[in-house]
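Trainee: I've just opened this one and could use a guided tour. Can we go through it together, one question at a time?

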Amino acid sequence: MFSTLFAAARFLTPFAISLTLAAAPAPARHVPHAPASGQDEQEAVVRVSTELVQTDVMVFDRNGKFVEGLKPEQFELKVDGQTQPVSFFELIEAGAFNEDAQLAAARGGARTTAQPSGVSVPLDRGRTVAFFIDDLHLSPEGAVRTRRAVRKFVEEELGQNDVAAVLSATGKVGFLQQYTSHRGVLRAAAERIAPAPSRAPDIEQPPITEAMAAAVERNESPVINALVQIILRENPMMPPGTAENLVRGRARNIMERANHFTGLTLQSLEAMVRRAGQLPGRKIVFFISEGFVYNETNSQVRDRMRRVADAAARSGVVIYSMDAQGLRTSGSDTASSQRVFDPSMALVSNELGEVAAYQAPLVSLAAETGGRALINSNSLTAGVSNTLKETAKYYLLAWRPEPSDGKGGSRFRRVEVAVKGRSDLRVIVRRGFYSTPPEPLTPPKRKGGGQAEAAAAAAPAPVKTGPPAERELQAALSAPQPLADLPTALALGYTNTEQAGNILTSSVELSRDALLRLTDKSTGRHHFDVLGMVFDQEGKVVKGFKQEISFVGQFGDAPGGTRVVASHQAVVPPGLYQVRVAARARESGRTGSAVEWVEIPDLKREKLTLGSVFLYERVARPEAEDDEDSEEGGGAESPRREEEDGTLGVITADRRFARSSWLRFLTHVYSPAATAAPDLALQIQVFRDDQPVFTAPLRKIPTQGLTDLTRVPYAAEVTLSDFPAGRYVLHLTAIDRASKQSATQRVAFVIE
């Protein structure tokens, strides 16, 4: 199945050049794509037009088990109280590779998985999960519980093909609040979860909580009278009318401040949910908050709640809200703990209802978007795990809207779904959406001292001056989602040398087979400009690079295609980095982009570390077919059969391989405390859908002839002919049997 190549210094040749351009034979392939620029992403799930409107529905029995086998005629669908015939019905497995095709069919499109020329869809797509932290309504204790829940998800629940994001209402997470599968990014983002410092409690006497203020705003006489009597006891000479005015004035100020922060939270949540529409499939959003009090008669807050529900429907988002405070026993405001003498018991009665008051918006947001409120529990981690299991499957229902839909202004449409004759079943469905997308809202101004800053930009701002070509290239680099008009792939990795330290290698690949179809066929020369930027975890530019790629070729020549790779190297200190690259074809003006993260550890620590894994591809050659030195019956190459120039060949940035090829890899074992005779071994495993499908025996890493035992290179290859097409992970485990230490490294790849 696999064989070891010579672990010698000569394999470092591809990394000794600061900027290289190479072309080597490789099978034809394409890279994953993002939706083309300008596509109406908000119509991805709910389309209000002459086509179909769709919604996802989950049905559970009394034991909480998903009910399968239901038929479309068993469902009763009502919109604004009017029964609607179901035009499309299907059971969908969330995260399956054909989920997008099913969603397209529900909108009235053709049921096909065919993609535009030059593009292929991932074979095993995973889940998309987001944690939206309402740090404007979060206590220090709640922040601790939230960080713990996110960390546990990253370590135990994040699947091989999943992507996730950690975001906050104030933007405190900053540059790290991006969707990614990189665990280091998600861990760092989780550490930034903290309560906003601007939520100071009311310190005037008598203390008035937000729940009390809301009761005063609702003109509840028992609460008003109780607060007035407390003021009069402290100020006997004050007229009762003056005391009541003081109570109403303070309550009004408290609710204005509360509504301001509520508006900020809902505004940020809506924006985040609408942006999620750029991602495929259904998305699960955990809205983590300690709740907030709002007056249901406040039209502005009510409209913002509806806008979130509409955004979720159009973006395919389901919100599961979670109470970060856990199991509550009384009101949540600090002021509520400052007891005052209240003979009428009106304030005590109000306090007993505070729990429900603060949790009410959590319940409403979840119910409106087809999710559930996970409240009155001290285990956020269990709630996350159970939710991911609960949302694994859903029914998709679609109906044809009335001819008047979308005309005469936007109005909120109410949706009801039930299973006929089965009152014992629990049906979870989105409750509504606007007939036409609402106009964007102006973000509320952040007022008062110490307000949290807005979210940090997740990408550089595009330039507004300069030649058009430069602006287009910068715009591609700044795109919130990678562009695929020009297929572009990026692979990152680091090596460490005694002289230079950490060398970050950014390898950009343009699929030549696709390029020859996308560029001008009348000329033989093709020119591409590549722009790249390296950012640290704060979003600051560390390095920048620009390169021109040119090659000669005619449409249809070079059977099997050719890789076109540009590699840039930069010396950087340990840390977490993001690299963004953009490419532009001069002849056609097409642009593409890619984004990747890499974490470079501090190798000065006395700890065994397995470095980045660089992938290469070797295609079959006739003379290798009868190789007597092949190991384990898998057609693997013997150690003597290397590339003619003595290197591993051209790096594979898109990490896509043909089944007829061999996957080669190079890594380094870093051991600052290496002895004169280290006892190093390495094990190779291949995973698919988080399950091992191949495990090789532990192999000793040769060190003969090496003068630097703190940096030991290791190279090997795996034949792919025994694996079916799909998405895989190469998992490496290095062991130092002398020091009893181990280290692991993983890299994803695709077999086509």
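**A first walk through the chain**

Mentor: Sure. This is a predicted model. Of the contacts in the protein chain with a separation of 6 or more, residues 24 or more positions apart account for 77%.

Trainee: How many helices and strands does the protein chain have?

Mentor: Let's start with the burial: of the 752 residues in the protein chain, 54% are buried. As for secondary structure, the chain comes to 12 helices and 32 strands.

Trainee: Which strand gives the most to the largest nonpolar core?

Mentor: That core has 72 residues, and those with the most contacts inside it include Val59, Phe75 and Phe286. Phe131, Phe153 and Tyr395 are also on that list. The strand that gives the most to this core, with 6 residues, is E12 (residues 393-399).

Trainee: And how many residues are in the second, separate core?

Mentor: Look for Leu709, Leu720, Tyr728 and Ala734, which are included in it. This second core is separate, and its count is 31 residues.

Trainee: Back to Phe153. Which residues of H10 are in contact with Phe153?

Mentor: Phe153 is one of the H2 residues that meet H10, and the H10 side of that meeting is Leu380, Thr381, Val384, Ser385 and Leu388. Leaving aside neighbours within four places in sequence, Phe153 is in contact with Val129, Phe131, Leu158, Ala164, Val384 and Leu388. Put the two lists together and the H10 residues touching Phe153 are Val384 and Leu388.

Trainee: How are H2 and H10 set relative to each other: parallel, perpendicular or oblique?

Mentor: Two packed helices are described by the angle between their axes and the distance between the axes. Here the axes of H2 (residues 140-157) and H10 (residues 380-390) come within 8 Å and cross at roughly 45°. H2 passes H10 in a right-handed crossing. An angle under 35 degrees would count as roughly parallel and 65 to 115 as roughly perpendicular, so H2 and H10 are oblique.

Trainee: What classes of residue make up the contact of H2 with H10?

Mentor: On the H2 side, the residues include Arg145, Thr146, Ala149 and Lys152. Sorted by class, the contact has 5 nonpolar, 3 polar and 4 charged residues.

Trainee: Now H5 and H6. How many nonpolar residues does their contact have?

Mentor: H5 (residues 221-234) and H6 (residues 240-275) pack at about 120°, with axes 9 Å apart, and H5 passes H6 in a right-handed crossing. Ile224, Leu227, Val228, Ile231 and Leu232 in H5 meet H6 residues, among them Pro240, Ala243 and Leu246. By class there are 2 charged residues and no polar ones, and the nonpolar count is 9.

Trainee: Which residues of H4 are buried?

Mentor: H4 is mostly covered, with 7 of its 8 residues buried. They are Glu210, Ala211, Met212, Ala213, Ala214, Ala215 and Val216.

Trainee: What is the phi of Asn219?

Mentor: Most residues other than glycine have a negative phi. Asn219 sits in the loop between H4 (210-217) and H5, and is partly exposed, with a relative accessible area of 44%. Just after H4, its phi takes a positive value of about 65°.

Trainee: Where does Arg655 lie?

Mentor: Arg655 also has a positive phi, near 55°. Its place is the loop between strands E24 (614-618) and E25 (656-657).

Trainee: Is Ser289 buried or exposed?

Mentor: Ser289 lies in strand E9 (residues 283-289). Setting aside neighbours within four places in sequence, its contacts are Asp134, His137, Met322, Asp323, Ala324 and Leu362. Its relative accessibility is 0%, and under 20% counts as buried, so Ser289 is buried.

Trainee: Last one: how far apart in space are Val595 and Pro482?

Mentor: Val595 lies in strand E22 (residues 591-600), while Pro482 is in the loop between H11 (468-478) and E16 (488-497). Pro482 is partly exposed at 29% relative accessibility, and its C-alpha is 5.0 Å from that of Ser593, 111 residues away along the chain. Val595 and Pro482 are 113 residues apart in sequence, yet their C-alpha atoms are separated by 6.9 Å.

Technical notes. Residues numbered from 1 in each chain as written. Predicted model: local features only at pLDDT ≥ 70, side-chain atom pairs only at ≥ 80, totals over all residues. Heavy atoms only, no water. Axes fitted to C-alpha atoms, helices over the stretch in contact; angles between N-to-C directions. Helix = DSSP H or I, 4+ residues; strand = E, 2+ residues; numbered from the N terminus. Parallel < 35°, antiparallel > 145°, perpendicular 65-115°, else oblique. Left-handed = near helix turned anticlockwise from the far one by under 90°. Contact = heavy atoms within 4.5 Å. Nonpolar A, V, L, I, M, F, W, Y, C, P; charged D, E, K, R; others polar. Core = buried A, V, L, I, M, F, W, Y, C linked by side-chain atoms within 4.5 Å. Buried < 20%, exposed > 50% of the residue type's maximum accessible area, 1.4 Å probe, protein only.
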